Every structure is written in C-alpha cells, then in structure tokens.
Amino acid sequence: MGPKLAEAVAQLTNACWALGHFPARFKEARTVVLRKPGKPSYSDPGAWRPIALLNTIGKLIESLMAKRLSQAAEEHKLLPDTQMGARPGRSTETALELLTAQVKTVWGSGKFVASLLSLDILGAFDTINSTRLLDILRKKGLLSWVVH
C-alpha cells in the first residue's frame with residue numbers, strides 16, 4: 001500500500017473504532033457477472049458466475065477490526081479453552097489431541113464411559129496428502145480401525 005496510504009487507513013480504522021461507526025458506503029458491493037468457461041449455451045443462468053466486488057478500504061477496515069477483536073478475545077480470555085477454530089496456535093491437530101486426551105481421561109476415571117465418538121472431519125483435511133495424514137495418525141498411536 002505504501003506508508004501514506006497505510007497511515008490513512010490506520011487513522012480511518014481508529015476513527016471507526018472510536019466512533020463505533022462503519023460507513024454504509026464501505027458496505028456497498030457492485031456485482032458483475034462473468035461467463036463460466038466452456039459452457040455450451042450462455043442462455044442458461046447456470047453458465048454465469050456473479051461476483052460481488054466490495055469496497056477495498058471497507059474490506060481492509062473490516063479485516064483490521066476482526067484482528068483487533070480476535071486479539072482482545074485472546075487477551076481477555078473471552079473464549080473457552082476448548083474453542084479451536086480461527087485461533088492462533090490452534091489447529092485441527094490441536095483439537096484432535098484435546099479430544100483424545102479427554103476420551104482417555106474418561107476411560108481412565110473408572111466412573112464414566114465414552115460409548116460413542118463420531119467425528120465429521122472430512123472438510124478438515126481436504127487439502128493435504130491423505131497418505132501422509134494416515135501415516136501421521138498411525139504414528140500418533142491411533143488404532144488401525146480408527147485410521148481406516
């Protein structure tokens with residue numbers, strides 16, 4: 001952005017924060033429609049892709065405000081320790097380690113039973129090498145039927 005524009009956006013963000021106001025103009029979007037490539041007929045509405053173009057300065061301010069809110073939530077411990085999503089230093093692996101530890105604690109207590117554990121983690125690992133993931137799960141000590 002360059003130092004002058006970055007400073008202006010920072011001042012604008014601070015003013016929005018201090019006033020508790022986000023200008024309506026920054027919320028406006030312009031929608032453009034693009035052809036999807038390789039479609040046999042562009043008379044079909046499904047052959048087109050609408051794209052919403054948001055105000056860039058507004059997106060920057062929203063991003064900076066989201067970062068401030070996230071930092072404040074961490075600093076003031078506003079989120080439970082078990083909240084994993086969108087937090088620094090936490091990942092799907094962290095969540096699985098916590099879950100595994102909790103199940104082992106229940107099993108080891110002798111007072112409680114963990115009778116069913118059902119996880120939907122399909123979307124959590126959709127961009128990694130599945131062979132490597134399975135190897136990591138085996139090395140972490142998961143039973144072969146769980147890995148399978």
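Buried means under 20% relative accessible area, a cut-off applied below to a predicted model.

Q: Is R87 buried or exposed?
A: R87 sits in the loop between helix 2 (56-75) and helix 3 (92-109). Its relative accessible area is 8%, and because the cut-off for burial is under 20%, R87 counts as buried.

Q: Which residue forms a salt bridge with R87?
A: Leaving aside neighbours within four places in sequence, R87 is in contact with residues including L79, P80 and D81. The salt-bridge partner of R87, with the closest N and O atoms 2.6 Å apart, is E74. Since E74 lies in helix 2 and R87 in the loop between helix 2 and helix 3, the pair ties together parts that are 13 residues apart in sequence. At 25% relative accessibility this partner counts as partly exposed, and the residue asked for is E74.

Q: Which residues are joined with K140 into one network by salt bridges that share partners?
A: K140 forms a salt bridge with E93, the closest N and O atoms being 3.1 Å apart, and K140 lies in the loop between helix 4 (130-139) and helix 5 whereas E93 lies in helix 3, so the pair ties together parts that are 47 residues apart in sequence. K140 also forms a salt bridge with E97, at 3.5 Å between the closest N and O atoms, and that pair links parts of the chain 43 residues apart. Through these shared partners, the residues joined with K140 are E93 and E97.

Q: What is the relative accessible area of W145?
A: W145 is found in helix 5 (residues 144-147), and together with L143 and V146 it makes a nonpolar surface patch of about 360 Å². W145 is exposed, with a relative accessible area of 64%.

Note on methods: Residues numbered from 1 in each chain as written. Predicted model: local features only at pLDDT ≥ 70, side-chain atom pairs only at ≥ 80, totals over all residues. Heavy atoms only, no water. Helix = DSSP H or I, 4+ residues; strand = E, 2+ residues; numbered from the N terminus. Contact = heavy atoms within 4.5 Å. Patch = residues over 30% accessible without salt bridge, like charges linked within 9 Å, V, L, I, M, F, W, Y side chains within 5 Å. Areas by Shrake-Rupley, 256 points an atom, 1.4 Å probe, with all protein chains shown as cover. Salt bridge = Lys/Arg side-chain N within 4 Å of Asp/Glu carboxyl O. Buried < 20%, exposed > 50% of the residue type's maximum accessible area, 1.4 Å probe, protein only.
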